[in-house]
Amino acid sequence: MLKILNKGFWLSTGGDYKTRNPSYPTHTGMDYTNVDQNTAVLAVATGKVIKVENSVADPLPPKNGIDYKGVPTGGNSIYIQYGNCINRLCHLKYNTIKVRVGDIVYKGTELAIMGNTGLSTGMHLHFEIQINGQPVDPKPYLDEVKRIENYNNIQAFKKGDIVKIVGYGNTQESGLGQKAGTIGWIREVIAEPHLEKPYPYRVGTGTITTGFFNADGLEAVSVVAESNTYHCVVKGETLWGLARYYLNDGSRWSDIKLWNNLANDTIYAGQNLIVRR
């Protein structure tokens, strides 16, 4: 079964999907709970946060047992766009949501704490799958009979991967985010994006200018292409020396500079450079 909470959980009483729920025949998801009030809700694949509601106090008394005064019945909630569906997560604890609209999340990312907000009779998570705007039975997805696809075919990168910048990043260091098309490499991977740092990949380039990016701002560049030879720079090396070694002509250092989109002729230890095409 998909891990949707970070601790043991079970289907709550009366919490099944509508076709199996005679006591709640309009229920559009499945409700899961446990006894731990600090249970985290998890992302189940790579996805993009498209909607967040985080304004409902925890809990509120129901009005006539049916609804609340202008309060969303789902309470605090997160909507995540995956590759083939939208995942709606409801009744989250007030002020515990760690993501915001536009964030890319990954399988196992902690999103919020399970709560009791909105139209709720106890602490639980409402897990809902929508396709083409309509709720469908989430059980085949939870049982992994059907697969929840990654958003937009986004892949996870690892340290050292060569990437091309295709989107805007969080330019916490030197303003790399504006340079779409720049080739760089993954210097660091932050395991779990959160509100303060929703860009988990720290990218370096040939000018050692770096920034933080999420996965949809990067595109993988093959490092095994037959036409390219790569070299990891060690301290003391120069473009002239690399050109002389790999191209048998030190004067072709400018070719290496061009292939790697370098702003000048200075290189640094740890850079992964194309040195022959």
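These legends go with several close-up views of one predicted protein model.

**View 1. The whole chain, before we zoom in.**
Let's start with the big picture of this predicted model. The protein chain has three helices and 17 strands. Of its 277 residues, 45% are buried. Now take the contacts with a separation of 6 or more: 63% of them link residues 24 or more positions apart. On the outside, the chain exposes about 13800 Å², and carbon and sulfur atoms supply 49% of that area.

**View 2. Lysine 7 pairs up with aspartate 36.**
How many salt bridges does the structure hold? There are nine, and this view shows the one between aspartate 36 and lysine 7. Their closest N and O atoms are 2.7 Å apart. Aspartate 36 sits in the loop between β2 (30-33) and β3 (40-42), while lysine 7 belongs to the segment before β1 (10-11), so this pair ties together parts that are 29 residues apart in sequence. Are the two partners buried or exposed? Neither label quite fits: aspartate 36 is partly exposed, with a relative accessible area of 26%, and lysine 7 is partly exposed as well, at 33%.

**View 3. Arginine 20 reaches aspartate 137.**
Here the side chains of arginine 20 and aspartate 137 meet in a salt bridge, with 2.6 Å from N to O. Arginine 20 comes from the loop between β1 and β2, and aspartate 137 from the loop between β10 (134-136) and α1 (139-142), so the bridge ties together parts that are 117 residues apart in sequence. Both ends can be seen from outside to some extent: arginine 20 is partly exposed at 31% relative accessibility, and aspartate 137 is partly exposed at 21%. That second value sits just on the partly exposed side, because buried means under 20%.

**View 4. A salt bridge between arginine 252 and aspartate 255, and a network to set beside it.**
The side chains of arginine 252 and aspartate 255 form a salt bridge, at 2.7 Å from N to O. Arginine 252 has 32% relative accessibility and counts as partly exposed. Aspartate 255, at 23%, is partly exposed too. Which residues are joined into one network by salt bridges that share partners? They are Asp16, Arg20 and Asp137.

**View 5. Alanine 220 in its strand.**
Alanine 220 is part of strand β15, which covers residues 218-220. With 38% relative accessibility, alanine 220 is partly exposed. Look for isoleucine 165 in this view as well: it is 55 residues away from alanine 220 along the chain, and the C-alpha atoms of the two are separated by 9.0 Å.

**View 6. A cavity shut inside the protein.**
Rolling a probe the size of a water molecule over the atoms shows where empty space is left. In this structure, one cavity of 30 Å³ or more turns up. The largest cavity has a volume of about 70 Å³. Ten residues line it, and those nearest its centre are Ile183, Gly184, Asn260, Asn272 and Leu273. Which elements give two or more residues to this lining? They are β12 (183-189) and β17 (272-276). Sorted by class, the lining has six nonpolar residues, four polar ones and no charged ones.

**View 7. The largest pocket.**
Next up is the largest pocket, with a volume of about 460 Å³. It is lined by 21 residues, and Tyr24, His27, Asp31, His91 and Leu119 are the closest to its centre. Strand β6 (residues 86-92) gives the largest share of the lining, three residues. By class, the pocket lining divides into 15 polar, four nonpolar and two charged residues.

**View 8. Two residues with a positive phi.**
Most residues other than glycine have a negative phi. Asparagine 132 is not a glycine, yet its phi is positive, at about 55°. This asparagine 132 lies in the loop between β9 (125-131) and β10. Asparagine 132 is exposed, with a relative accessible area of 78%. Glutamate 144 is not a glycine either, and it has a positive phi of about 65°. You'll find glutamate 144 in the loop between α1 and β11 (162-165). Its relative accessible area is 46%, which makes glutamate 144 partly exposed.

Technical notes:
Residues are numbered from 1 along each chain as its sequence is written. This is a predicted model: local features need pLDDT of at least 70, side-chain atom pairs count only at pLDDT 80 or more; totals for chains, interfaces and linings use all residues. Side-chain values use heavy atoms; hydrogens and water are left out. Helices (H or I, at least four residues) and strands (E, at least two) are DSSP runs, numbered from the N terminus. Buried means under 20% relative accessible area, exposed over 50%, partly exposed in between (1.4 Å probe, protein chains only). Contact means heavy atoms within 4.5 Å. Accessible areas come from the Shrake-Rupley method with a 1.4 Å probe; for residues, only the protein chains shown count as cover. A salt bridge is a side-chain nitrogen of Lys or Arg within 4 Å of a carboxyl oxygen of Asp or Glu. On a 1 Å grid over the protein atoms alone, a cavity is a set of points where a 1.4 Å probe fits but cannot get out, and a pocket is an open set with protein on both sides within 12 Å along at least five of seven lines; lining residues have an atom within 4 Å of a point. Grid points are joined across faces, edges and corners, and a volume is the space filled by probe spheres set on the points. Ala, Val, Leu, Ile, Met, Phe, Trp, Tyr, Cys and Pro count as nonpolar, Asp, Glu, Lys and Arg as charged, and the others, Gly among them, as polar.
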